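Visitor: Please pick one pocket in this model and go through it closely. After that, place it among the other features of the chain.

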Amino acid sequence: MNTLTFICILLLCVQAPTFSNAYTAKGSLYIPYAEIREPFYAWYDGKGGRSRIDYYGGMVKTYQLSTEGAYGSSIKVAPITTEEAENQQTCLQVNGTYEQKITPQTIIPDTTGMQCIGSDMINGVECEKWRLVETIGEKTNKYTLWIRYKKSSSSPPMKEVIPVRYEMKGFNTLLGSHYDHYYLEYDWFSSETPSSEVFEVEQNSSCISFPGPGEHRIYTFNPIKEFVHNHQDHVDLAFDRYKSLHKKAYAHEVEHKTRREHFKHNLRYIHSLNRANLGFTLDVNQLADRSDAELKVLRGKQYTEHGDNGGLPFPHDVEKEKNDVPDSFDWRLYGAVTPVKDQSVCGSCWSFGTTGAVEGAYYMKYKKLVRLSQQALIDCSWGFGNNGCDGGEDFRSYQWIIKHGGLPTEEEYGGYLGQDGYCHVKNVTQIAKLKGFVNVKTGDIDAMKLAIFKHGPISVAIDASHKTFSFYSNGVYYEPSCGNTEMSLDHAVLAVGYGTMNGKGYWLVKNSWSNYWGNDGYILMAQKDNNCGVLTAPTYAIAA
């Protein structure tokens with residue numbers, strides 16, 4: 001752009017753009033840090049005091065109605081699955097208060113204070129570029145709005161302002177990094193006043209009222225508010241609750257601010273994916289203040305080229321025996337599974353999968369449950385190719401147990417450290433002895449059910465690299481991006497049962513990320529398509 005063109009643009013864009021007080025728009029919200037693209041369809045009627053924003057093609061509909069009740073009402077219509085019904089469109093409502101009135105939600109930012117800084121080509125169209133720079137403490141936020149013009153349909157001589165893109169970039173001088181980045185792309189925009197029918201909640205939607213005004217739910221009922229107005233109050237409130245519940249204490253201000261930013265991005269991810277109605281639900285858990293790199297540490301199942309792992313072949317004729325197993329089964333109900341533990345910041349998941357399988361084998365033989373030591377495997381099985389807190393594999397652990405005469409109890413060896421420790425297995429009794437282990441037939445649902453029912457809990461390796469797994473809460477987990485080849489399996493867990501929920505077959509899987517994670521430490525993993533590799537390399541132990 002030459003100097004003359006730039007001068008002309010500055011002369012044209014002296015006054016900040018003003019948008020229509022009523023409009024309809026389509027577009028998408030992009031949050032790069034959370035790898036989210038969330039499509040929206042918005043209707044706004046400022047004069048009528050009402051707005052509606054749909055997400056993911058109308059899967060979730062939100063209404064902000066300022067004229068409903070004394071202080072307005074916020075309504076969300078979303079698919080709800082219960083024990084009685086699946087994906088039933090349900091109306092959820094919270095009411096405003098004197099301090100927190102419900103107002104219509106725009107998807108266009110306030111342009112007050114913005115200055116024109118030139119023009120850019122956006123999607124092949126030359127657009128004016130407006131920016132507001134805001135400094136709060138160590139944070140510098142840049143809000144940029146790109147606009148274009150078209151002839152007004154109601155007043156032909158006039159030009160109508162059309163939003164094209166709105167972007168926020170935040171830099172924190174204390175952290176020395178960009179702490180926030182998101183943008184809205186507006187694909188279609190009309191300044192015609194929306195029809196009143198748009199703001200009418202579907203007649204067949206049954207409404208549920210939450211007790212009280214529901215101030216904690218205002219964000220989930222109006223999620224776009226954060227990105228149009230940089231509204232952060234809900235993040236601070238949620239982060240304070242999180243710190244209190246999980247007893248989080250940070251060493252200094254920099255760490256506190258860093259953890260809050262991780263928490264904010266993870267919170268956005270959780271809420272956005274829940275609006276997508278994946279068939280399972282995500283929630284904030286004890287991992288919510290961690291970075292992607294820190295989450296990766298928890299997945300300590302390593303992959304090595306090993307050929308024959310020394311396991312015995314599966315001894316059952318699956319076709320003949322598959323009808324002998326029940327439709328659902330859960331070894332927890334029989335006392336064969338020890339309580340969920342927390343591996344902490346140590347890539348020792350492989351030791352938990354192994355000990356769970358050995359505890360199950362011991363129970364199957366002696367009808368007695370013992371708590372065996374993961375720490376003994378972490379400390380002592382390096383010579384078999386395991387790497388302590390930096391990863392390992394179940395078959396190497398079985399081989400170590402067989403050679404060294406068993407695995408000691410946790411009580412006798414000492415508690416779990418979450419660190420590589422000194423091996424002192426020679427000083428204790430190895431109570432749980434093995435005579436071998438078996439490789440369950442790969443990729444066979446019936447074989448896996450048979451193995452669980454006949455032989456107890458099964459050690460399995462999975463692809464747990466997706467954030468949907470990190471923040472899983474309930475429902476049958478199915479992640480289309482999951483891998484199921486041996487090379488893609490990065491986490492070791494324990495399958496303790498199986499069943500069906502709303503017509504979806506699942507494996508009942510015990511994790512080692514504490515009972516704050518998932519459904520009291522467990523996850524229901526879909527049987528469909530060998531999702532995430534549950535059926536790729538399952539093994540069970542044989543007690544001596």
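Guide: A pocket here is an open set of points on a 1 Å grid over the protein atoms alone, with protein on both sides within 12 Å along at least five of seven lines. Its volume is the space filled by probe spheres set on the points, which are joined across faces, edges and corners. The model is predicted, with local features needing pLDDT of at least 70 and side-chain atom pairs pLDDT 80 or more, while totals for chains, interfaces and linings use all residues. Residues are numbered from 1 along each chain as its sequence is written, and side-chain values use heavy atoms, without hydrogens and water.

The second largest pocket holds about 360 Å³ of space. Its lining comes to 19 residues (those with an atom within 4 Å of a point). Glu35, Tyr269, Ser465, His466 and Lys467 lie nearest the pocket's centre. At least two lining residues come from each of β2 (36–45), α5 (253–275), α6 (292–297) and α13 (467–470). Helices are DSSP runs of H or I with at least four residues, strands are runs of E with at least two, and both are numbered from the N terminus.

The structure also has one cavity of 30 Å³ or more; a cavity is a set of grid points where a 1.4 Å probe fits but cannot get out. The largest cavity encloses about 160 Å³. Twenty residues line this cavity, with Phe352, Thr355, Gln374, Lys510 and Ser512 nearest its centre. Two elements, α8 and β18 (491–501), give two or more residues to that lining, and α8 gives the most, six.

Helix α8 covers residues 349–366. Its 18 residues should span 26 Å (1.5 Å times one less than the number of residues), and its end C-alpha atoms are 26 Å apart, so the two values agree. Of those 18 residues, 15 are buried (under 20% relative accessible area, with a 1.4 Å probe and protein chains only). Lysine 367, just after α8, has a positive phi of about 55 degrees.

Next come the rings. There are 27 aromatic pairs, meaning rings of Phe, Tyr or Trp (its six-membered ring) with centres within 6.5 Å. Tyrosine 30 and tyrosine 183 have centres 4.9 Å apart and planes at 10 degrees, so they are stacked (under 30 degrees; over 60 is edge-to-face and the rest tilted). Tyrosine 30 is in strand β1 (residues 22–31) and tyrosine 183 in strand β11 (residues 177–190), 153 residues apart along the chain. With 23% relative accessibility, tyrosine 30 counts as partly exposed (between buried and exposed, the latter being over 50%).

Tyrosine 71 and tyrosine 98 make an edge-to-face pair, at 6.2 Å centre to centre and 80 degrees between the planes. Tyrosine 71 lies in the loop between β4 (60–65) and β5 (73–80), tyrosine 98 in the loop between β6 (88–95) and β7 (115–122). Tyrosine 71 is partly exposed at 33%, whereas tyrosine 98 is exposed at 57%. Elsewhere, ring pairs join Phe280, Phe469, Tyr472, Tyr477, Trp513 and Trp517 into a cluster.

Arginine 52 lies over the face of tryptophan 43, 4.5 Å from the ring centre. The charged end of arginine 165 sits over the ring of tryptophan 146, at 5.7 Å. The criterion is NZ of Lys or CZ of Arg within 6 Å of the ring centre and within 35 degrees of the ring normal.

An automatic or database assignment gives domain 1 (23–228) and domain 2 (295–543). Their centres, taken over C-alpha atoms, are 45 Å apart.
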